[in-house]
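Reader: I should be grateful for a close look at a single part of this model. Please describe how that part is arranged and what lies around it.

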Amino acid sequence: MGTRQIQVADQTLVIHELDDVSDSTTGRALTGSWVWDSALVLSNWMATQGAVHFQFQDKSVLELGAGAGLPGLTAARLGASRVLLTDMGPLLPGLLRNVEANGLGDRVQVRELVWGSDESPSQISELDLILMSDVFYNQEEMVGLAKTLKSVCSRGTTVWASTEVRPWTAECLSELLHEGFGLVELPSQMVEEMEGLDCFAIFQVIPPHEDNQRTFVVEGNI
């Protein structure tokens, strides 16, 4: 893999991608150690359309399944004062390296967080924004993800998730709906206009304690 300089709107972020990180049990490479297109889509959307509706300045942000951490680091560059990047233990050294490479150690922390566990990221007591990219890949993981989201969301927390639309994406989203969440597909000018991005979508995930009566999954690629 190596080091990439990624342009997000008018920001340049340095991301170290690793190809030698593997699951200690299965021996399989952990795909979160490099940047997936969903993270690029979400980060660019945040810096353009997202920033119109959400003021990042001095906000608290959590990224779940952060991988290489691009969306969370983007939030810090956009003005968020406290950002917590979370993922599996083997991915944390790479996340820390990316935080340091971008000089964001004063506002970005890294922590292990397993979906569905009883742990919660206590470093940030109340979250303004939760970010997720490419987390809708395994229907069996959705119950754990839903439990974690319920534990970290409070009234007023905004949740954004980007995903590449694959054959199993609808099943994952349906599981979140079954867990009481609402889903609204957000308009993305970049996804609409750029060739090759029509298979991506960005959602606002509405926690169960919010008003879900008006939320739905937009038909189309899903």
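Author: The account below takes the open sheet and its edges, and then turns to one loop residue. The model is a predicted one.

The sheet is open and holds seven strands, in the order β5-β4-β3-β6-β7-β9-β8, and their pairing is mixed. Strands of a sheet pair through backbone hydrogen bonds, in either a parallel or an antiparallel manner. At the edges stand β5 (108-112) and β8 (182-185); each has a single partner strand, so one side of each is left without a neighbour in the sheet. On average, neighbouring strands of this sheet are turned by 20° against each other, direction ignored.

At the β8 edge, the partner is strand β9 (residues 200-206), to which β8 is joined by four bridges. The two strands run antiparallel, and within this pair Leu 183 stands opposite Val 205 of β9. Helix α1 (residues 37-53) packs on the sheet and touches β9, together with β6 (129-133) and β7 (158-164). The direction of α1 makes about 135° with that of β7.

Strand β6 also leads to the loop residue. Gln 139 lies in the loop between β6 and α4 (142-152). Its relative accessibility is 34%, and Gln 139 therefore counts as partly exposed, a class that lies between the limits of 20% and 50%. When residues up to four places away in sequence are not counted, Gln 139 touches Glu 171, Cys 172 and Glu 175. Thr 169 is 30 residues from Gln 139 in sequence, while the C-alpha atoms of the two are 8.2 Å apart in space.

Key. Residues are numbered from 1 along each chain as its sequence is written. This is a predicted model: local features need pLDDT of at least 70, side-chain atom pairs count only at pLDDT 80 or more; totals for chains, interfaces and linings use all residues. Side-chain values use heavy atoms; hydrogens and water are left out. Two strands pair if DSSP finds at least two bridges between them. Axes are lines fitted to C-alpha atoms, for helices over the stretch in contact, and angles run from 0 to 180 degrees between N-to-C directions. Contact means heavy atoms within 4.5 Å. Buried means under 20% relative accessible area, exposed over 50%, partly exposed in between (1.4 Å probe, protein chains only).
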